[in-house]
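Here's a walk through the fold, starting with a covered helix, moving on to the cores and finishing with a pair of packed helices. Keep the view open as you read.

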Amino acid sequence: MMSVRREGALMRKASQSEVKSRISMAVAIGVSIGCLFAFLYPHGFLSFSSPAFRSRRFQVLSSECEPSERFDALKSEYAAAYEKNKELKQQVKELTEKVRLAEQGKDHAQKQVEALGKQSKAGPFGTVKGLRTNPTVVPDEPVNRRLAEILENVAVQRELIVALANWNVKRSLEVWFTNIKRVGITNYLVVALDGKIAQFCELNDVPVYKRDPDKRIDSIGRTGGNHAVSGLKFRILREFLQLGYSVLLSDVDIAYLQNPFDYLYRDSDVESMTDGHDNMTAYGFDDVFDEPAMGWARYAHTIRIWVYNSGFFYIRPTIPSIELLDRVASRLANEPGSWDQAVFNEELFFPSYPEYEGLHASRRTMDFYLFMNSKVLFKTVRKDARLRKLKPVIVHLNYHPNKLERMKAVVEFYVNGNQDALKALPDGSE
């Protein structure tokens with residue numbers, strides 16, 4: 001009897017335990033389902049009937065029902081947005097350029113101080129020395145990648161001699177590069193202004209650069225005379241400077257007797273030979289103007305200097321140098337009949353005055369006995385026993401028309417030692 005009762009109690013306990021387990025399981029499932037619905041529908045079951053739900057449902061249904069009209073409308077909206085975006089990009093580009101130009105127009109002195117170093121005190125009397133050397137520009141290779149590759153192979157320490165030539169000066173060019181090779185100069189380049197001169201240079205193993213076609217320049221380059229071709233160099237040289245190279249610009253009527261790079265100072269934007277023929281004319285002097293009608297104030301003091309020769313100058317890749325090239329090229333293009341050498345000197349020397357801002361470029365005059373013009377040679381040096389012993393770096397036949405004959409005489413005198421080579425030639429052009 002007792003065992004029967006015990007079995008009944010055990011069966012009831014087991015049944016109750018099973019019921020509790022089922023209840024616990026149901027609660028767990030209910031809670032899980034509730035969490036899932038809470039996550040998916042945070043606003044409750046009413047969201048099924050919300051306007052947003054109905055709108056989304058309507059869009060899905062309508063998109064299935066409207067095959068092409070909606071698509072065409074979307075395409076049209078996209079095209080309009082794309083054009084608007086292009087227009088905004090162009091406006092941003094123009095505004096950026098205006099900002100850049102405005103920045104360039106800021107005070108030059110302050111910009112130079114920022115570029116060259118921090119400001120400092122002046123220091124004791126007699127110890128002050130101003131800076132003359134402007135910083136070089138950052139090379140901009142995309143300007144002309146083909147030229148950049150050529151210069152990488154030709155230049156030495158990022159500097160080289162550059163000459164422009166067309167077929168009209170072929171014979172002088174031959175004397176020019178023959179003497180450059182003889183001196184041992186390797187960093188030189190001929191900018192060929194026509195195909196024939198380019199081929200001539202290649203046949204003679206002369207580094208040459210043939211520019212890409214340019215209608216504005218090519219017609220002058222092929223057929224122009226000395227002055228016309230001379231005017232082109234300011235536009236062409238700009239790319240050399242933008243690429244970060246210093247250029248010793250050379251006409252082809254120059255006889256090279258030593259390496260000019262051994263005699264440069266490189267402390268100025270422009271370092272040029274002079275058309276002067278003595279210390280006063282080459283380096284400047286106080287010239288007194290007399291006007292008797294002014295009474296005791298009849299004498300007015302002026303400063304004079306003979307012009308720099310635009311056919312032989314060393315120019316560093318600085319902002320003032322590039323501005324100089326831009327100014328000269330622009331004036332030559334817009335002032336018919338202007339002479340490149342006169343414009344070159346005006347831009348270098350004219351000071352600022354009302355309604356005009358002068359060029360902020362530093363300059364140095366080369367030693368006129370080392371970088372000699374033909375007036376110095378034929379009027380002075382060849383007649384002086386002492387000066388005849390001096391060996392110049394170059395002789396520029398700029399004062400005389402029979403250039404080829406005189407170039408050969410210079411080589412004969414200085415290279416071959418023929419003391420009579422210069423005697424037969426007149427002082428001037430008669």
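Buried, here, means under 20% relative accessible area, with exposed over 50% and partly exposed in between (1.4 Å probe, protein chains only). Helices (H or I, at least four residues) and strands (E, at least two) are DSSP runs, numbered from the N terminus. This is a predicted model, where local features need pLDDT of at least 70, side-chain atom pairs count only at pLDDT 80 or more, and totals for chains, interfaces and linings use all residues. Residues are numbered from 1 along each chain as its sequence is written, and side-chain values use heavy atoms, leaving out hydrogens and water.

Start with helix 12 (residues 340-349), which is mostly covered, with 7 of its 10 residues buried. Val 343, Phe 344 and Leu 348 are among them, but so are Asp 340 and Glu 347.

Helix 12 also gives two or more residues to the largest nonpolar core, as do helix 9 (226-242) and strand 4 (246-250), among others. A nonpolar core is a set of buried Ala, Val, Leu, Ile, Met, Phe, Trp, Tyr and Cys residues joined through side-chain atoms within 4.5 Å. This one has 38 residues, and Leu 160, Phe 240 and Val 247 have the most contacts inside it. A second, separate core of 32 residues includes Val 169 and Leu 264.

Now for the helix pair. The axes (lines fitted to C-alpha atoms, for helices over the stretch in contact) of helix 6 (residues 170-183) and helix 15 (residues 403-414) come within 10 Å and cross at roughly 20 degrees, with angles running from 0 to 180 degrees between N-to-C directions. Trp 176 of helix 6 and Met 407 of helix 15 are among the residues making the contact (heavy atoms within 4.5 Å).
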